Structure formats: C-alpha cells, structure tokens
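Here is a protein to explore together. A student asks for a close look at one part, and a tutor follows the thread from there.

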Amino acid sequence: MSKSLEFEVTLYPDPVLRKPAAPVETFGTDLKETIEAMFARMRESNGVGLAAPQVGLKQRILVVNHTGEDSDDLVLVNPEIQKLWGPRDVMEEGCLSFPGIFGEVSRPEKVKLTAQTPEGEAFEKVYEGFLSRVIQHEMDHLEGVLLVDRMSPADKLKNKVAFENMVHDYKDAQAKAER
Ligand code: CO
C-alpha cells in the first residue's frame, strides 16, 4: 500500500471544478487510499468537507467532518440527494477552493441522501442543521456548482476583485507551466 498519496486543493477557476463527477464503480484499496488522503488534505487545510473534484478527481466521493471530532468523520460515496426540505437558512460559507473568500448562502434545513460506504454498502440518511449545510455544499461540487454561483449577489459583488485575482493567478500559473 502506498503511503505517498498526497493531494493539493484545486483552486477556482480550474475547469475540473466545473465538470460533473462520475460514479465510483470499484470499491477497494485504491478508493480507501483516496479517502484517507482526502481526509488528510481536509484536516491540513482546516476544512469541514472536501469533494473529490477539489483534489482533481472526477469521482463522486465526499469526506466531511463538521465538528473536528474523529468520531464525526463521514464518507459519502456516490451520494444522491433524494429530498431537500425545511425552512431556508442563510449562513456564511467558505470553500477550500476559494481561500479567503466568504459569502452568504441560502439553503434548506434538511437533506435526505442515498449513498454508499467505502465498502460499497448502500444507505439512506437524513441530515440536519450545519451538517446538512456542509453536505449540500459538497454535493454541489459533484455537479460543478461552486460557492461563487450560490452566494448572495451582494457578497458576489463584495468579492469581485478577489475572484478576478484568482482567475488572474490561474492564468499566470497556466502560462508558466506552458513555458
Ligand atoms: Co467547497
């Protein structure tokens, strides 16, 4: 088993963040290594959730930990939203793919998901409150939907220069890589 799998966080506006992720079909050692490396990346970056496209993988895998307690580690493989309901709540969200950028996002209170464990076992569960919000944010990543699309128009305007700087930095990095 390789101990060397390490991920960097893919930053906006890398196009991989806009591509819908494909279902995981093989449940085995590779998947488990990917999940471990995603958790390691999430913790090092002080995140509460990470979606596979954020480490450059077009796969339907999410890792979440909304409290920082090891016992709250949650892995969702091939998650699908079955139902979203409850009163909408507005809260400021951030995203590891948008460092330093925050914006208010409105989301319904509850989400019902079907998903699989890393072993491939199917389950269905309802999530509420902050955990529901984190999961909804990470689910967006699997469809190529990003914080910039969800935040209030006022916050989008407030962060306009920061978004432009990210696009500039990305283009700069691309140009350097081509040289
Ligand atoms: Co995010």
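Student: Could you take me through the surroundings of asparagine 46: is this residue buried or exposed, and how many other C-beta atoms lie within 10 Å of it?

Tutor: Happily! Keep in mind as we go that this is a predicted model. Asparagine 46 is exposed: 9 other C-beta atoms lie within 10 Å, and a residue counts as exposed when that number is 12 or fewer. You will find asparagine 46 in the loop between H1 and E1. Its backbone deserves a look too, because phi is positive there, near 55 degrees, in a residue that is not a glycine. Most residues other than glycine have a negative phi.

Let's step back along the chain into the helix before that loop. Helix H1 covers residues 29–44, which is 16 residues. From its first C-alpha to its last, H1 reaches 23 Å, close to the 22 Å expected at 1.5 Å a residue. Which residues of H1 are buried? They are Thr34, Met38, Arg41 and Met42. These four cover an arc of only 100 degrees around the axis, so they sit on the same side of H1. Thr29 and Glu44, on the other side of H1, are exposed. The cover over the buried residues of H1 includes E1 and E2. The helix lies across E1, E2 and E3, and its direction makes about 45 degrees with that of E2.

Now go forward from asparagine 46, into the strands. Strand E1 (residues 49–51) is joined to E2 by 3 bridges, and the two run antiparallel. One pair to find on screen is glycine 49 with its bridge partner in E2, valine 64. Valine 64 also stands opposite leucine 74 in E3. E2 and E3 are again antiparallel, paired over 4 bridges. Look at the side chains of E2 (residues 61–64) as well: Ile61 and Val63 point one way, Leu62 and Val64 point the other way, and all of them are buried.

What do these strands belong to? They are part of an open sheet of 5 strands in the order E1-E2-E3-E4-E5, with antiparallel pairing. E1 and E5 are the edge strands, each pairing on one side only. Neighbouring strands of the sheet are turned by 30 degrees against each other on average, ignoring direction. Towards the E5 edge, E4 and E5 pair over 7 bridges. There, glutamine 116 has alanine 122 in E5 as its bridge partner. H2 also packs on the sheet, touching E1, E2, E3, E4 and E5, and its direction makes about 80 degrees with that of E4.

H2 (residues 129–142) is a good companion to H1. Of its 14 residues, 10 are buried, so H2 is largely enclosed by the rest of the structure. Among the buried ones are Val134, Ile135, Met139 and Leu142. Just after H2 comes glycine 144, where phi is positive at about 80 degrees. Recall that asparagine 46, which follows H1, has a positive phi too. For a contrast with H2, try H5 (residues 160–178): of its 19 residues the number buried is 1, so H5 lies largely in the open.

There is one more asparagine to set beside ours. Asparagine 78 also has a positive phi of about 55 degrees without being a glycine. Where does asparagine 78 sit? It is in strand E3. With 20 C-beta neighbours inside 10 Å, asparagine 78 counts as buried, because 20 or more is the cut-off for that. Asparagine 46, by contrast, is exposed.

Finally, zoom out to the whole chain. The protein has 5 helices and 5 strands, and along the sequence they follow the pattern α-β-β-β-β-β-α-α-α-α. Its radius of gyration is 16 Å, close to the 16 Å that the globule rule gives for 179 residues, so the protein is as compact as a globular protein of that length. Of those 179 residues, 31% count as buried. The loop you asked about sits where the pattern passes from H1 to E1.

How values were computed
Residues are numbered from 1 along each chain as its sequence is written. This is a predicted model: local features need pLDDT of at least 70, side-chain atom pairs count only at pLDDT 80 or more; totals for chains, interfaces and linings use all residues. Two strands pair if DSSP finds at least two bridges between them. The expected span of a helix is 1.5 Å times one less than its number of residues. The arc is that of the directions from the helix axis to the C-beta atoms. Two residues are in contact if their C-beta atoms, placed from the backbone, lie within 7 Å. The radius of gyration is taken over C-alpha atoms; the globule rule is 2.2 Å times the number of residues to the power 0.38. Axes are lines fitted to C-alpha atoms, for helices over the stretch in contact, and angles run from 0 to 180 degrees between N-to-C directions.
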